Amino acid sequence: MQRFKNILVVVDLTQSSSLALLRAVELAQNNQASLTVVGVVPKMTAGIGMPEGGPISADLQKYANAAAKKSLEEAIRHFMSQIDIQAKVLVGTPFMEIIKEVLSNDHDLVIKSPENIGWLDRLFGSDDMHLLRKCPCPVWLVKQSTSNTYRRILTAIDVDTDHPPNELAKRYKLNIQILEMAVSQALSDFAELHVVHAWQAIGERNPFIFNSDVKSHEYTENILSKHNEELDKLIDEVISKTNADVGKFLNLQKHLIKGLPQKEIPALVNELGVDLVVMGTVARTGIPGFFIGNTAETILSQIKCSVLAVKPADFVSPVALS
């Protein structure tokens, strides 16, 4: 499935980003996509009391940029014979400059390694979290590991119809997009694909609604059946769009788990030993900078694998080009 056409990979100049770069190169080759590799250096100042942009600051910036460019060229040297790669040095706050690069050059995917080894312990407020919240295109955080392929991929799908009407169509399109990406990656890596939906039966234990366990059970079974039907509909639509033989090669396992998604999804990720989670980032707050939503943030704070986060097609980043 040729989905991405203009990929941006971010190389952390202070740590290894080899797996993220390898993943980006393979994806660019498979999609016949353009590939740009960037590193971000801070804006240099000469020190307290020195004017910004003065000759000393300019010399420091020039030296830092040159060193970063050399590091980038060394990182991509091995791949230059395989694919055309453009290398850039960006200057400023990492997440801001990455998003501006996405906006300026219409990149459709950002791939990078997490900021540090313990990124999940300090996820919120980090550059990675800013990207997950504010970057207009999908963000793929590739965790360093001993293998460059995934064995198990999990995608979290919300087929709950208990949302305002104006949100349902948007969520359905996002679900399609999420599942398409997960299917494509599972086929590419010959990985198991676990499609999970956490559901709830809100009123099942309310004595004012149900006066017997039988009626409560019937209500719960009806809710489960409805969610199962919606999930099957989604899966069938995505599978029907792909190659006719996809069913022979796709090892898809469906999970409908009763409970809160922020509790059940991380538990299943850990239980299965998932290598990649593909999930959407939707919220109803409407507050700029908080688009990812409390449920998604809570899930991300509990998992320790690579993440591919996808936003709705009409998402507008709060970061703008000056």
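This section describes the fold, the nonpolar cores, the salt bridges and selected residue environments of a predicted model.

The protein comprises nine helices and 10 strands. Of its 322 residues, 47% are buried. The accessible surface amounts to about 16400 Å², and carbon and sulfur atoms account for 52% of that area. When contacts between residues at least 6 apart in sequence are considered, 78% of them join residues at least 24 apart.

Strand S9 spans residues 276–280, and five of its five residues are buried, so the strand is largely enclosed by the rest of the structure. In a regular strand, side chains alternate between the two faces of the sheet. Both faces of S9 are covered. Leu276, Val278 and Gly280 are buried on one side, and Val277 and Met279 are buried on the other. S9 pairs with two strands described here. Strand S6 (residues 152–156) runs parallel to S9, and three bridges connect the two. In this pairing, Thr155 is placed opposite Val278. Strand S10 (residues 306–310) also pairs with S9 in the parallel sense, in this case over five bridges. Here Val278 stands opposite Leu308 of S10. Val278 thus has Thr155 opposite it in one pairing and Leu308 opposite it in the other.

Nonpolar side chains tend to be buried together in soluble globular proteins. In the model, the largest nonpolar core contains 49 residues, of which Ile7, Leu35, Val37, Ile111 and Trp140 touch the most other members. Helix H5 (residues 165–189) makes the greatest contribution to this core, supplying eight residues. A second core, separate from the largest one, has 36 residues, among them Val38, Met129, Leu300 and Ile303. The surroundings of Ile111 were examined further. With residues up to four places away in sequence left out, Ile111 touches Ile7, Leu8, Val9 and Val10, together with Ala20, Ala24 and Leu27, and also Trp140 and Val142. Two of these partners, Ile7 and Trp140, are listed with Ile111 among the core members that touch the most others.

Side chains of opposite charge can pair when their charged atoms come close. The structure holds 11 salt bridges. One of them joins the side chains of Arg77 and Glu74, with an N to O distance of 3.2 Å. Arg77 has a relative accessible area of 55% and is therefore exposed. A further salt bridge links Asp158 and Arg171, whose closest N and O atoms are 2.9 Å apart. Asp158 is located in the loop between S6 and H5, whereas Arg171 belongs to helix H5, so the pair ties together parts that are 13 residues apart in sequence. The two partners fall into separate accessibility classes: Asp158 is partly exposed, at 26% relative accessible area, while Arg171 is buried, at 14%.

Helix H5 also takes part in a salt bridge through Lys170, which pairs with Asp314 at a closest N and O separation of 3.6 Å. This pair links distant parts of the chain, with Lys170 in helix H5 and Asp314 in the segment after S10, 144 residues apart. Lys170 is partly exposed, with a relative accessible area of 34%. In addition, Arg3, Glu180 and Lys241 are joined into one network by salt bridges that share partners.

Two further residues illustrate contacts between parts of the chain separated in sequence. Glu192 lies in strand S7 (residues 192–199) and counts as partly exposed, at 22% relative accessibility. Glu192 and Leu250 are separated by 58 residues in sequence, and their C-alpha atoms are 7.4 Å apart. Apart from neighbours within four places in sequence, Glu192 contacts Arg151, Arg152 and Ile153, as well as Asn251 and Gln253.

Ile235 is located in helix H6 (residues 213–241). Its relative accessible area is 9%, and Ile235 is therefore buried. Ile235 and Leu179 are 56 residues apart in sequence, with a C-alpha to C-alpha distance of 7.6 Å. Leu179 is also one of the residues touched by Ile235, along with Val195, Leu252 and Lys254, when residues up to four places away in sequence are not counted.

Conventions. Residues numbered from 1 in each chain as written. Predicted model: local features only at pLDDT ≥ 70, side-chain atom pairs only at ≥ 80, totals over all residues. Heavy atoms only, no water. Buried < 20%, exposed > 50% of the residue type's maximum accessible area, 1.4 Å probe, protein only. Helix = DSSP H or I, 4+ residues; strand = E, 2+ residues; numbered from the N terminus. Pairing = 2+ DSSP bridges. Core = buried A, V, L, I, M, F, W, Y, C linked by side-chain atoms within 4.5 Å. Contact = heavy atoms within 4.5 Å. Salt bridge = Lys/Arg side-chain N within 4 Å of Asp/Glu carboxyl O. Areas by Shrake-Rupley, 256 points an atom, 1.4 Å probe, with all protein chains shown as cover.
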